[in-house]
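Reader: Could you take me through one part of this model closely, namely its nonpolar core, and set that part against the chain as a whole?

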Amino acid sequence: MGRMRNPPYICALDAAMDVVEGKWKALILWALDERLHRFGELRRSLPGISEKVLAQQLRELEADGIVRRTVFEETPPRVEYELTDEGAALYTALGGLGEWGAQRMHTLGIVPTHGKERVEP
């Protein structure tokens, strides 16, 4: 299942943030909450992420039990990524933070660049 990357933790929030640290993990969760994705689809849905960083972040999320990677033995090979139950629970838990971010963006007059402002988990 999951692993603890940087223990000891000062508090439970510290342990949670260890799983979602970095710019891309929350965005990966956001994309995978909609549906499962193949690697290329996921990369296209996250403008600005490099292939190397996406692969690294997905490996860490998989090791933490947040993302499930399914490899299909076909030609050409197909790999799909989806949230595990624990990943879906994490995304739900991040909902309040997303609501706070949406309100802050509204207050500052910032429009999301991706064209959708879905904050409810």
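Author: What follows begins with the chain as a whole, turns to the core and two residues of interest, and ends with the confidence of the model.

This is a predicted model, and its chain averages a pLDDT of 88, with 88% of the residues scoring at least 70. The secondary structure comes to 6 helices and 3 strands, and, read from the N terminus, these elements follow one another in the order α-α-β-α-α-β-β-α-α. Of the 121 residues in the chain, 30% count as buried, while the accessible surface comes to about 7,800 Å², with 57% of that area belonging to carbon and sulfur atoms. If one takes the contacts between residues at least 6 apart in sequence, 47% of them join residues that are at least 24 apart.

Now to the part you asked about. The largest nonpolar core has 21 residues, and I28, L42 and V67 are those with the most contacts inside it. Two or more residues of this core come from each of the helices α1 (12-20), α2 (25-34), α4 (51-63) and α5 (85-93), and also from the strand β3 (78-83). The element that gives the most is α2, with 5 residues. In soluble globular proteins, nonpolar side chains tend to be buried together.

L42 offers a view of the core from one of its members. When its neighbours within four places in sequence are set aside, L42 is in contact with I28, A31, L32, H37, L54 and L58.

A second residue that touches I28 is Q57, which has its place in helix α4. Does Q57 count as buried or exposed? Q57 counts as buried, because its relative accessibility is 10% and the cut-off for buried is under 20%. Leaving out residues up to four places away in sequence, Q57 touches E21, W24 and K25 as well as I28.

The aromatic rings can be described briefly. The structure holds 0 aromatic pairs, but the ring of F72 has a charged partner, with R78 lying over its face at 3.8 Å from the ring centre.

A last point concerns how far the model should be read at one stretch of the chain. Over residues 116-121 the pLDDT is below 50, although this stretch has 15 contacts in the model beyond near neighbours in sequence.

Technical notes
Residues numbered from 1 in each chain as written. Predicted model: local features only at pLDDT ≥ 70, side-chain atom pairs only at ≥ 80, totals over all residues. Heavy atoms only, no water. Phe/Tyr/Trp six-rings, centres within 6.5 Å; stacked < 30°, edge-to-face > 60°. Lys NZ or Arg CZ within 6 Å of the ring centre and 35° of its normal. Helix = DSSP H or I, 4+ residues; strand = E, 2+ residues; numbered from the N terminus. Buried < 20%, exposed > 50% of the residue type's maximum accessible area, 1.4 Å probe, protein only. Contact = heavy atoms within 4.5 Å. Areas by Shrake-Rupley, 256 points an atom, 1.4 Å probe, with all protein chains shown as cover. Core = buried A, V, L, I, M, F, W, Y, C linked by side-chain atoms within 4.5 Å. pLDDT = per-residue confidence, 0-100.
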